[in-house]
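Trainee: I am new to this structure and would like to go through it slowly, one question at a time. Could you show it to me before we begin?

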Amino acid sequence: MTTSTLLAPPRPLSSESITDPHVVSWQSPHVSVVSPDRERHSIHSYYVTCPESPDGRHVVFYTSSTSNGENGEIWIRERSTGKETLLVQDITTEDAHRAACQQWMAGGKIVAFHDCRNGRWIVAAVDISTGQERILAEDRQVGFGNAAGVWLPIYGCHWKVGTHRDLELVNVETGEILTALTVDEIVKAYKADIEAMVGEGEVSVFFPVMSPDGQKVMFKVSRGSGGDDFRSPGASRREGKFVYDLKAARFIRLFRHWGHPSWTPDSRGIFEAHNILSDIYTGETRHFATGSPSDHPSVSPGSQIFVTDGALTKLFGGNPGEWGIVIGSLTADEYATIHRFDHSKGATSWRLVHPHPSFSSDGKRIYFNVSDGRWSRLHVAEKITIQSKKSQ
């Protein structure tokens, strides 16, 4: 399979320099393009979700043949055969950065996404066995849910406050919509904090991410500019990390900075840029792999290690435009760059495509985007198991 261009070989790891065996086990993975030999972008949506289905059978990705990557399609690829199936076409995205926010739901039976159709945003889902699409909500966008579950968080358009300002959940199988938390409740609890973060005026819920146990959610608040241009850095002011217990119907904590967070597998912690882990109940924080480049980190299914991405500046021995995929230890202050690549080109969307690495559900593969050359392409790094001489 086609591989990305390496500007320099990955730094070798050794048992002498790295003590954590979970980090060592990722030495020199096999890296390949998920959907090779096609002239198009192939983009994984975000680091808080995995493009591989929970059962490991398929990979879902967004594609586009336009230079900016902002109009395209959603495909799935069967991992065992390489067979690809078109699920949705003629999609209009907010940017190529998160593409259509395509994601697995219902244990891998459904792919959910959002799309702007005829100037109106919709949230929809496709049953992959039948190809049948269901429009779940209008005038909303989609956050990220629990891939094993059926309840998906949705929210109103962040750039222009309208009717849909609350945190809502939609059932991807039945279409039922529940209001989980109103914006009035949020403002009542945190009015001063909200004004300090995004200023005075009406706000709405923005970008909710559900915990792995399906019982909690974190989100920002947004204060829209009031305009119609959603493809602009100034479309809204968005900040904060509100943590809410859906089951107990109570706020757990507010962190004033978003920080590219992801949930830990036990749903008790939030892991964010610079490899900072926060306990949502106590607020206690810990810093791992100090000195590591880190932009979009997430914890492995077994919670022994984490993966992140970052620009490899001169500080990390990198060249201009070079990024790396980094594995870090959650037991020792250690990390290693397992793959390096040119990430300076690709889709020309106003919001750049980032690698957004994420583990497969079994922890054996890491998916990430590479913008090397004309196209931004989804890659996968697969851990190679080396047999000992004794076992051979």
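Trainee: Which residues does isoleucine 194 touch, not counting residues up to four places away in sequence?

Mentor: Keep in mind that we are looking at a predicted model. Isoleucine 194 is listed among the residues with the most contacts inside the largest nonpolar core. Leaving out residues up to four places away in sequence, the residues that isoleucine 194 touches are Ile186, Val187, Gly199, Val203, Val221, Arg223 and Phe242.

Trainee: Which helix gives the largest share of this core?

Mentor: The largest nonpolar core has 49 residues, and those with the most contacts inside it include Leu152, Val172 and Phe207. The largest share of this core amounts to 6 residues, and it comes from helix 2, residues 183-198.

Trainee: How many residues does the second, separate core have?

Mentor: Besides the core just described, there is a second, separate one that includes Val88, Ile91, Trp104 and Ala347. The number of residues in this second core is 19.

Trainee: Helix 2 also holds aspartate 193; with which arginine does aspartate 193 form a salt bridge?

Mentor: In general, side chains of opposite charge can pair when their charged atoms come close. Here the closest N and O atoms of the pair are 2.9 Å apart. The partner lies in the loop between strand 17 and strand 18, so the pair ties together parts that are 63 residues apart in sequence. Aspartate 193 is partly exposed at 21% relative accessibility, and its partner in the salt bridge is arginine 256.

Trainee: Is arginine 140, which forms a salt bridge with glutamate 168, buried or exposed?

Mentor: Arginine 140 lies in strand 10 and glutamate 168 in strand 12, so their salt bridge ties together parts that are 28 residues apart in sequence. Glutamate 168 has a relative accessibility of 10% and counts as buried. Arginine 140 has a relative accessible area of 8%, and because buried means under 20%, arginine 140 is buried.

Trainee: How far apart are the closest N and O atoms in the salt bridge of arginine 268 with aspartate 279?

Mentor: Arginine 268 sits in the loop between strand 18 and strand 19, while aspartate 279 belongs to strand 20, and the two are 11 residues apart. Arginine 268 is partly exposed, with a relative accessible area of 40%. The closest N and O atoms of this salt bridge are 3.8 Å apart.

Trainee: Turning to the strands, which residue in the turn between strand 7 and strand 8 has a positive phi?

Mentor: Strand 7, residues 110-117, is mostly covered, with 7 of its 8 residues buried. Strand 7 pairs with strand 8 in the antiparallel sense over 8 bridges, and in this pairing aspartate 115 stands opposite isoleucine 122. The two strands form a hairpin with 2 residues between them, and the turn residue with a positive phi, of about 55°, is asparagine 118.

Trainee: Which residue in strand 25 stands opposite isoleucine 325?

Mentor: Strand 24 and strand 25 pair in the antiparallel sense over 7 bridges, and a hairpin joins them through 5 residues. In strand 25, 7 of the 8 residues are buried, so the strand is largely enclosed by the rest of the structure. The residue of strand 25 that stands opposite isoleucine 325 is histidine 339.

Conventions
Residues numbered from 1 in each chain as written. Predicted model: local features only at pLDDT ≥ 70, side-chain atom pairs only at ≥ 80, totals over all residues. Heavy atoms only, no water. Buried < 20%, exposed > 50% of the residue type's maximum accessible area, 1.4 Å probe, protein only. Helix = DSSP H or I, 4+ residues; strand = E, 2+ residues; numbered from the N terminus. Pairing = 2+ DSSP bridges. Core = buried A, V, L, I, M, F, W, Y, C linked by side-chain atoms within 4.5 Å. Contact = heavy atoms within 4.5 Å. Salt bridge = Lys/Arg side-chain N within 4 Å of Asp/Glu carboxyl O.
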